[in-house]
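Please open the model in a viewer and keep the sequence panel visible. The tour below proceeds by selection, one region at a time.

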Amino acid sequence: MSLDARLLRHFAGLGLATDAVSLVSHAHGRERRAERGIARLELQGAVKHGRKERAHPGRDGADRWRFKHKGVIYITDESCRHEITSWRLADDAAMRAAPPKPWGGSHFSSHTLLIVDSSGSMRRSDVPGYGSRTEAVYDTLLREFVQPQLELTRGGTVLGTAVVTLIEMGKSAEVLLERAPIDDILMRYFRSRGSSRARSHGNYLPALHKAIEILREDADRQGELFLVL
């Protein structure tokens, strides 16, 4: 019997309280739980009572496990003890239902157009600390692009009006956001996109054509234009 099978059998044994289930947390997992309002006890409950299935292996090829219980998805290492990441299915669906509204002004200081790969290869979980490449990409955009600008604005720095367009690249191009302002709504939306399911083949050409079409509309506006792939 494998180690993880022995552990799960032990967890399910009589007399073992849910809060006694072994869970070794790490900084990334704790941050994700704090952002998504997930309690440690919920993860322990997922291991004890949830549905278990194999997740995509890590970058080093090590096995990972996925537990689903009461709307929470929990990813662990091969021992089922070490926390990798977690998210709520219900929260993700709610946030995807309310994307940011387009900015209504006629001028902006900058327009950043992001093209994100949403092909099937993005389902792989080979980026340490993340359940998928998609989650890693959106978390990086959140932390390195959105949050720093929000923090400067909150600190009193005047940045002007910065807007963002988001195109996901799969078999075709899908414009998810067009000239949305950088604010808390955008931050929550990016976080929700991290748990979206990548699919189909990847083709950059339709996305690039759509990006050029959108940026041409800004040719006469006095603002900086950026294209990020």
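How much space lies in the largest cavity? About 60 Å³ lies there, a volume being the space filled by probe spheres set on grid points joined across faces, edges and corners. A cavity here is a set of points, on a 1 Å grid over the protein atoms alone, where a 1.4 Å probe fits but cannot get out, and lining residues have an atom within 4 Å of a point.

The model is predicted, with local features requiring pLDDT of at least 70 and side-chain atom pairs pLDDT 80 or more, while totals for chains, interfaces and linings use all residues. Residues are numbered from 1 along each chain as its sequence is written, and side-chain values use heavy atoms, with hydrogens and water left out.

**First stop: the cavities**

Select Arg32, Glu35, Arg36, Tyr130, Glu135, Tyr138, Asp139, Leu142, Phe190, Arg191 and Gly194, which line the largest cavity. Helices α2 (27–36), α5 and α6 each supply at least two of these residues; helices (H or I, at least four residues) and strands (E, at least two) are DSSP runs, numbered from the N terminus. The largest share, four residues, comes from α5. By class, the lining divides into four nonpolar, one polar and six charged residues, where Ala, Val, Leu, Ile, Met, Phe, Trp, Tyr, Cys and Pro count as nonpolar, Asp, Glu, Lys and Arg as charged, and the others, Gly among them, as polar.

The structure holds two cavities of 30 Å³ or more. For the second largest, of about 50 Å³, select its lining residues, including Val116, Asp117, Thr134, Tyr138, Glu168 and Arg193. Both β5 and α5 supply at least two residues of this lining, which divides into three nonpolar, three polar and five charged.

**Second stop: the helix pair**

Now show α5 (residues 133–154) with α6 (residues 184–193). Their axes lie 8 Å apart at an angle of about 170°; axes are lines fitted to C-alpha atoms, for helices over the stretch in contact, and angles run from 0 to 180 degrees between N-to-C directions. The two helices are therefore roughly antiparallel, the word used for angles over 145 degrees. Among the residues making the contact (heavy atoms within 4.5 Å) are Tyr138, Leu142 and Leu150 of α5 and Met187, Phe190 and Arg193 of α6. Eight nonpolar, two polar and four charged residues make up this contact.

**Third stop: the open sheet**

Select the four strands that form an open sheet in the order β7-β6-β5-β8, with mixed pairing. At the edges stand β7 (173–181) and β8 (224–228), each with a single partner strand, so one side of each has no neighbour in the sheet. From one strand to the next, the twist averages 10°. Strand β5 (residues 110–117) runs parallel to β8, joined by five bridges; strands pair if DSSP finds at least two bridges between them. Thr112 has Phe226 of β8 as its bridge partner. On this sheet packs α6, touching β5, β6 (162–169) and β7, and its direction makes about 155° with that of β7. Helix α7 (residues 204–216) lies across β5, β6, β7 and β8, at about 170° to β5.

**Last stop: strands β1 to β3**

Finally, select residues 51–55 (β1) and 64–69 (β2), an antiparallel pair over five bridges. Here Ala55 stands opposite Arg64 in β2. Six bridges join β2 to β3 (residues 72–77), also antiparallel, and Arg66 stands opposite Ile75 in β3. Two residues lie between the strands of the β2 and β3 hairpin, in which Lys70 takes a positive phi near 50°.

Technical notes. Angles under 35 degrees count as roughly parallel, over 145 as roughly antiparallel, 65 to 115 as roughly perpendicular and the rest as oblique. On a 1 Å grid over the protein atoms alone, a cavity is a set of points where a 1.4 Å probe fits but cannot get out, and a pocket is an open set with protein on both sides within 12 Å along at least five of seven lines; lining residues have an atom within 4 Å of a point.
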